[in-house]
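Here is a quick tour for anyone meeting this structure for the first time. Have the 3D view open and follow along.

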Amino acid sequence: MKRYKNVYRKLCSSENICLAYLKAKKGKSKKLSVVEFDKDFKENLENLKTDLENMNYRPRPLKKFIVRDPKTRTIHASAFRDRIVHHAVINILDPIFEKIFIYDFFASRKDKGTHPAIQRFDYFKRKVSQNGLILKTASSGGGANNFIVRDYDSIQGYCLKADIKHYFDSVDHEVLISILRKKIKDGKFIWLVRLILKNFDSEVKGKGMPLGNYTSQFFANVYLNELDYFVKHELKAKYYIRYVDDFVILHRSKKRLEYFKIKIIEFLKNINLELHPDKSKIIPLRKGVTFLGYRVFYYHKLLRKRNIRIFIRKFKEKLDNYDPTQTSPNKLIEELQGWFGYAKWANTYKIRKNIIDSIVEKFNTKDEETKNKIYEKL
C-alpha cells in the first residue's frame with residue numbers, strides 16, 4: 001500500500017493556500033468575515049502560511065447555532081481563516097483517497113450525488129429482481145410448461161436499509177487517525193488533523209466531529225471507507241450503495257441480508273460505531289424503500305411526505321410575501337428550480353403543476369406567451 005510522505009510541506013505551499021482561500025471564499029464573498037479578511041488578504045494569507053509552517057497555527061472557537069430544516073440540528077461554524085485551512089487539508093487528502101474510494105460511494109464526490117445514487121439503486125433493483133420476471137408453471141393438455149411473466153405484485157428481492165446511530169457524534173478520533181496513517185506518513189500533517197478534531201467541545205472526549213465543518217464531511221466519508229471495503233471484499237456484497245452513513249444492500253435472499261447485517265454490526269464495533277436500531281431494517285423491494293429523500297418503488301418514485309409538507313409550507317410563506325407589482329413570476333420560479341430539479345426525479349408532476357398554477361394566479365398572468373414560458377419550467 002502506497003503511503004504519502006512530506007505532504008505537510010505541500011499543504012503549506014503558497015499555491016495550496018491560495019487555492020484553499022479561493023475555495024473557501026466561493027459563494028461567500030459578501031459575508032462580513034470574508035470582507036474583513038479580503039481587506040488585506042495577501043498579508044493575511046502570508047501570516048497564515050507562516051503560522052502553519054512554524055506549527056504556531058491555532059484554530060479559533062467554533063460558533064454554534066441551531067437549524068430546524070427539517071430536523072433540529074446543531075451546526076458549528078468555523079472562522080473564515082480556519083475554513084481556509086480546512087480546504088488546504090482536503091486539497092491534499094482528496095486526490096489520495098479518491099483513488100481508493102469504491103465506485104458505489106456517492107457523497108461529496110465529482111459526478112456523484114443523490115441522483116446518481118438513486119439511478120444506481122434502480123439498476124440494482126432490476127438486477128436483483130431480474131426485471132420483475134417471475135418463473136411460473138402451467139399445464140396444458142398432457143404436460144407442464146414453464147413460462148416467464150412480469151408480476152409486479154410479486155417482485156423478488158430485499159433491501160437492507162441502514163444508517164449509523166449518532167454517526168458524527170460517534171466518530172473516534174484515534175480510529176480516524178489510524179485510518180489516515182495508512183495513507184499519510186507525515187507527523188506534521190497528522191498534528192494539524194488532531195488540532196482540527198480537538199477544536200470541538202464534544203460530549204465525549206476524543207469522539208465526535210462538528211456538523212458544518214468541511215473537514216467533518218470528508219473525514220466522515222474516509223472513516224466509513226473501512227466499512228465499504230468490508231462489505232465489498234469480505235462479505236462480497238455485490239449490490240451495495242453508501243451515501244455518508246446511509247447505506248443499502250440489495251439481495252434476492254432475505255436470509256443472506258440478515259447474515260450481512262449481523263456481520264456489519266460485529267465489524268462496526270471494531271471502529272466504535274453501531275447501526276441505528278430503528279432505521280436499520282430489511283425491506284421487500286415490492287413495498288418500496290425510502291432512500292435519500294425518495295420512496296423508491298419498483299416502477300415509480302415518490303417524495304417523502306414530510307419533505308413535501310415542509311416545502312409547501314415554505315413556498316406558501318414565500319408566495320405570500322411577494323409583491324406582484326415589484327417582481328415577476330419568473331423570478332420566483334427561478335428560486336424554485338433547485339427543488340424542482342430534485343422533485344422531477346419522482347412522480348411529482350401534479351404537485352409541480354399546482355405550484356405553477358398558484359404563481360400564475362398570484363401574479364394574475366393572462367398573457368398566453370408568458371404563461372407558456374412559465375409552464376415550460378415543468
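Helices α8 and α10 sit roughly perpendicular to each other, because the angle between them is about 75° and anything from 65 to 115 degrees counts that way. This is a predicted model, by the way. To find the pair, look for residues 173-181, which form α8, and residues 214-223, which form α10; their axes lie 10 Å apart.

Which residues make the contact between them? From α8 come Val-175, Leu-176, Ile-179 and Leu-180, while α10 brings in Phe-219, Val-222 and Tyr-223. The make-up of this contact is easy to remember: seven nonpolar residues, no polar ones and no charged ones.

Now over to a small sheet. Three strands build it, in the order β11-β12-β13, with antiparallel pairing, and the sheet is open. The strands at the edges are β11 and β13, each of them pairing on one side only. On average, neighbouring strands here are turned by 30° against each other, if you ignore direction. In general, strands of a sheet pair through backbone hydrogen bonds, either parallel or antiparallel.

Between β12 and β13 there are three bridges. Want a spot to zoom in on? Try Arg-295, which stands opposite Leu-302 in β13.

The sheet has a helix packed on it too: α6, which touches β11, β12 and β13. The direction of α6 makes about 15° with that of β12.

Here are the pieces of this part of the model side by side:

| Element | Residues |
|---|---|
| Strand β11 | residues 289-291 |
| Strand β12 | residues 294-296 |
| Strand β13 | residues 301-303 |
| Helix α6 | residues 114-129 |

Next, a single residue. Is His-87 buried or exposed? His-87 belongs to helix α5, which covers residues 80-98. Its relative accessibility is 14%, and buried means under 20%, so His-87 counts as buried. Leaving aside residues up to four places away in sequence, His-87 touches Ala-20, Lys-23, Ala-24 and Tyr-214.

Finally, zoom out to the whole chain. You'll count 16 helices and 13 strands. Of the 378 residues, 46% are buried. Take the contacts between residues at least 6 apart in sequence: 69% of them join residues at least 24 apart. As for the outside, the accessible surface comes to about 21,200 Å², and carbon and sulfur atoms account for 48% of that.

Conventions
Residues numbered from 1 in each chain as written. Predicted model: local features only at pLDDT ≥ 70, side-chain atom pairs only at ≥ 80, totals over all residues. Heavy atoms only, no water. Helix = DSSP H or I, 4+ residues; strand = E, 2+ residues; numbered from the N terminus. Buried < 20%, exposed > 50% of the residue type's maximum accessible area, 1.4 Å probe, protein only. Contact = heavy atoms within 4.5 Å. Pairing = 2+ DSSP bridges. Axes fitted to C-alpha atoms, helices over the stretch in contact; angles between N-to-C directions. Parallel < 35°, antiparallel > 145°, perpendicular 65-115°, else oblique. Nonpolar A, V, L, I, M, F, W, Y, C, P; charged D, E, K, R; others polar. Areas by Shrake-Rupley, 256 points an atom, 1.4 Å probe, with all protein chains shown as cover.
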